[in-house]
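Hi there,

Here is the structure I promised to pass on. Have a look at it first, and then read my notes below.

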Amino acid sequence: MARTAREKSKTGIYHVMLRGIDKRNIFLKDSDYEKFIEYIKKAKEKTEFIVYAYCVTTNHVPY
């Protein structure tokens, strides 16, 4: 069963979260964290968005 579509934020601020399947780790070594941060930097160069805060843990990334 499909879920309903998310509503567009009136403020333009969104909480984005990535999680490993079955809560498994998605970052296994320090270079995995570094690579992820590089991807975020590259995305910011191509588009306009602001990262107000982030937290990178072994099995999920809440933004």
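A charge is said to sit over a ring if NZ of Lys or CZ of Arg is within 6 Å of the ring centre and within 35 degrees of the ring normal. One such contact turned up here: the charged end of lysine 44 sits over the ring of phenylalanine 49, at 4.9 Å from the ring centre. Please keep in mind throughout that this is a predicted model.

Now the overall picture. The protein chain has one helix and two strands, and along the sequence they follow the pattern β-α-β. How does the radius of gyration of the protein chain compare with the globule rule for 63 residues? The radius is 14 Å, well over the 11 Å that the rule gives, so the chain is more spread out than a compact globule. Along the principal axes, the C-alpha atoms fill a box of roughly 35 × 35 × 20 Å. As for burial, 10% of the 63 residues count as buried.

Next, the aromatic residues. There are two aromatic pairs by the ring-centre rule. In one of them, the rings of phenylalanine 27 and tyrosine 33 have centres 4.8 Å apart and planes at 15°; planes under 30 degrees apart count as stacked, so this pair is stacked. The other joins phenylalanine 27 to phenylalanine 36, with ring centres 5.5 Å apart; the planes are at 75°, and because the cut-off for edge-to-face is over 60 degrees, the pair is edge-to-face. Through these ring pairs, Phe27, Tyr33 and Phe36 are linked into a cluster.

Are the members of that cluster buried or exposed? Phenylalanine 27 has a relative accessibility of 8%, and since buried means under 20%, it counts as buried. Phenylalanine 36 is buried too. Tyrosine 33 has a relative accessible area of 22%, so it is partly exposed.

Phenylalanine 49, the ring under lysine 44, comes up again in the largest pocket. That pocket holds about 300 Å³ of space. It is lined by 11 residues, and the closest to its centre are Tyr14, Phe49, Ile50, Val51 and Tyr52. What is the make-up of the lining, in nonpolar, polar and charged residues? It divides into 10 nonpolar, one polar and no charged.

Two backbone details may interest you, in the loop between β1 and α1. Aspartate 22 lies in this loop, with α1 spanning 30-46. Although aspartate 22 is not a glycine, its phi is positive, at about 55°. Lysine 23 is found in the loop between β1 and α1 as well, and its phi is near 60°, again a positive value in a residue other than glycine. On accessibility, aspartate 22 is at 67%, and because exposed means over 50%, it counts as exposed. Lysine 23, at 56% relative accessibility, counts as exposed too.

Finally, a word on the start of the chain. Alanine 5 is in the segment before β1, the strand at 17-19. With a relative accessible area of 70%, alanine 5 is exposed. Its C-alpha atom is separated by 18 Å from that of leucine 18, which is 13 residues away along the chain.

Happy to talk any of this through whenever it suits you.

Best wishes

Notes:
Residues numbered from 1 in each chain as written. Predicted model: local features only at pLDDT ≥ 70, side-chain atom pairs only at ≥ 80, totals over all residues. Heavy atoms only, no water. Helix = DSSP H or I, 4+ residues; strand = E, 2+ residues; numbered from the N terminus. Buried < 20%, exposed > 50% of the residue type's maximum accessible area, 1.4 Å probe, protein only. Phe/Tyr/Trp six-rings, centres within 6.5 Å; stacked < 30°, edge-to-face > 60°. 1 Å grid on protein atoms, 1.4 Å probe; cavity = no way out; pocket = protein on both sides within 12 Å on 5 of 7 lines; lining within 4 Å. Points joined across faces, edges and corners; volume = space filled by probe spheres on them. Nonpolar A, V, L, I, M, F, W, Y, C, P; charged D, E, K, R; others polar. Rg over C-alpha atoms; globule rule 2.2 N^0.38 Å.
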